[in-house]
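Student: Hi! Could you walk me through a structure I've just opened?
Tutor: Happy to, let's have a look together.

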Amino acid sequence: MQVYADNAATTKISAHALQAMMPCFEKFYGNPSSLHTVGQEAKEVLDDARARIAKCLGCEAREIYFTSGGSEADNQAIRSAAFYGARKGKKHIISTAFEHHAVLHTLNALEKEGFEITLLDVKEGHNITARQVKDAIREDTCLVTTMYANNEIGSVLPIAQIGAVCKEAGVPFHTDAVQVAGHLHIDVKAQNIDMLSLSGHKFHGPKGVGALYVRRGLPLVNIIEGGAQERGKRGGTENLPGIVGMAAALEDACANMDKNNAKVIALRDKLIAGLSKIPHCALNGDPVNRLPGNVSFCFEGIEGESLLLMLDAQGICASSGSACTSGSLDPSHVLLAIGRVHDVAHGSLRLSVCHENTEEEIDHILTAVPQVVELLRNMSPVWRDLQNGKREYIL
Amino acid sequence: MALYSEVVMDHFMHPRNVGTIENADGIGEVGNAKCGDIMKIYLKIENDIIVDVKFETFGCGSAIASSSMATEMIKGKPISDALKLTNDAVAEALHGLPAHKLHCSVLAEEAIKGALKDYYDKNGIEYDAKQFPDCAHCDHCH
């Protein structure tokens, strides 16, 4: 049995999204910037997709900029706020310790350019509060950027409250909503979100395409210089098939969200309840405010890559924040940020389910994971020391 | 192409010589849980021959496969042969390891040498300290 439980990494494109893309290869192959009929037909398709995506987010079509994905959108949003903040002498940015690297690495680069970065602590409840944001805002803060939900541990941040705090302080607020678009209801106006990044392939759309919502009036700098596409803010001929596929997938995801989430949450909760029975493990992430499909655990005494390989041999596709899966010596910065020590952070497992997963698949996972954990523990000198009392249990 | 060779996957999925030896003649342990790899090797030695070897490993697929392969390579061999086992030989026998996983084969070599050093120490046998890794002062895990 093949069980794909890595939907936070990427999703399978939906039949409808794929079908929606085909005419963009065969009929609407024109360049939307061309003046002729074929080009203008493509432009109409592009405008239509932009309007439909805007509707899903509660914004205007002209507030949507298409990008190559979530990372580019994050880079552009942060770089823009930093550039225009610096012009006013504001060079302080607030973010969180468990952001995606698209955000953290951009902030690292800005730090080298003279910006001061405050990363909010996420140990308490594996989340942040709007109060933390409020307390961190200074006269010279030019941007608050927090993810909408964490990709590894599933915590959903109090975005509307953070938005309200930022609005009151007059500080632009960007959120990386890559894990949330198509999974939770977004209303950028009601939630006071000034900028939002999303990525097509996280909600059964195609890869290589994303979008940045930017509230009208907020200025942008270019990451990609070029032609007049995207109102001059993102050069390069538009990826029309990708954009149209993303629009179809997002519309479907939003239309079926409540129905899908009821199913996905039930599968998630069954997994969490089942895996919690394994001794000396811990659930990572906010147990209440949690992405519908995210399950994240640390198992003491074992290492995550071995776990993934053995699960893969049983047909289960999962992910881990262990060092060995990242190619570095350190385990995931997210697990360290929530206070997991290295020893247990190495033994992490993330399962991310979607509406296409079945009860049978969850049962298969719930049979396989305890077996594999036991097998690996039985060959682990760390586990032996824990059992012999030579080492103290952390979990 | 898969991350690991078929030989690595075979030794990972079906590791040889897993376990411990009671009253082992030599025990070597390298690595630490913080960096995600610990290898522990147990040796039974009779007349300078490694008559039995077992291992326990906390680590990734290549760490487990390296332990398994390395124990196979020294089982039944004289100590003098085991001392000559290099990380390169372990990696080669595994049909290669990804570059960022080569340290796993280094750990296997060091764990075996550590166990042999322990055997020498326990039995008051003199040896040239230079042929053993200085695990206490190595940067890899500290």
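Student: Let's start with a turn: how many residues lie between β2(B) and β3(B) in their hairpin?
Tutor: Two residues sit between these strands. One thing to look at there is B:N47, which is in the turn and has a positive phi of about 50 degrees. Do keep in mind that this is a predicted model.

Student: Sure. And in which sense do β2(B) and β3(B) pair?
Tutor: They pair in the antiparallel sense, over nine bridges. As an example, B:K44 has B:D52 in β3(B) as its bridge partner.

Student: What is the strand order of the whole sheet in chain B?
Tutor: The order is β1-β2-β3, in an open sheet of three strands with antiparallel pairing. The edge strands are β1 (26–32) and β3 (49–58) of chain B, each pairing on one side only. On average, neighbouring strands of this sheet are turned by 15 degrees against each other, direction ignored.

Student: Back to β1(B), then. How many bridges does β1(B) make with β2 of chain B?
Tutor: Seven, again in an antiparallel pairing. Within that pair, B:I27 stands opposite B:Y42 of β2(B).

Student: New topic: which strands does helix α2 of chain B lie across?
Tutor: Helix α2 (residues 61–74) lies across β2 and β3 of chain B, and runs at about 175 degrees to β3(B). Helix α5 (residues 102–122) of chain B packs on the sheet too, touching β1 and β2 of chain B. The direction of α5 makes about 140 degrees with that of β1(B).

Student: Last one: why is β3(B) described as largely enclosed?
Tutor: Because seven of its 10 residues are buried, β3(B) is largely enclosed by the rest of the structure.

Definitions and conventions: Residues are numbered from 1 along each chain as its sequence is written. Chains are lettered from A and ligands numbered from 1 in the order in which they are written. This is a predicted model: local features need pLDDT of at least 70, side-chain atom pairs count only at pLDDT 80 or more; totals for chains, interfaces and linings use all residues. Two strands pair if DSSP finds at least two bridges between them. Helices (H or I, at least four residues) and strands (E, at least two) are DSSP runs, numbered from the N terminus. Axes are lines fitted to C-alpha atoms, for helices over the stretch in contact, and angles run from 0 to 180 degrees between N-to-C directions. Two residues are in contact if their C-beta atoms, placed from the backbone, lie within 7 Å. A residue is buried if 20 or more other C-beta atoms lie within 10 Å of its own, exposed if 12 or fewer, and partly exposed in between; C-beta atoms are placed from the backbone.
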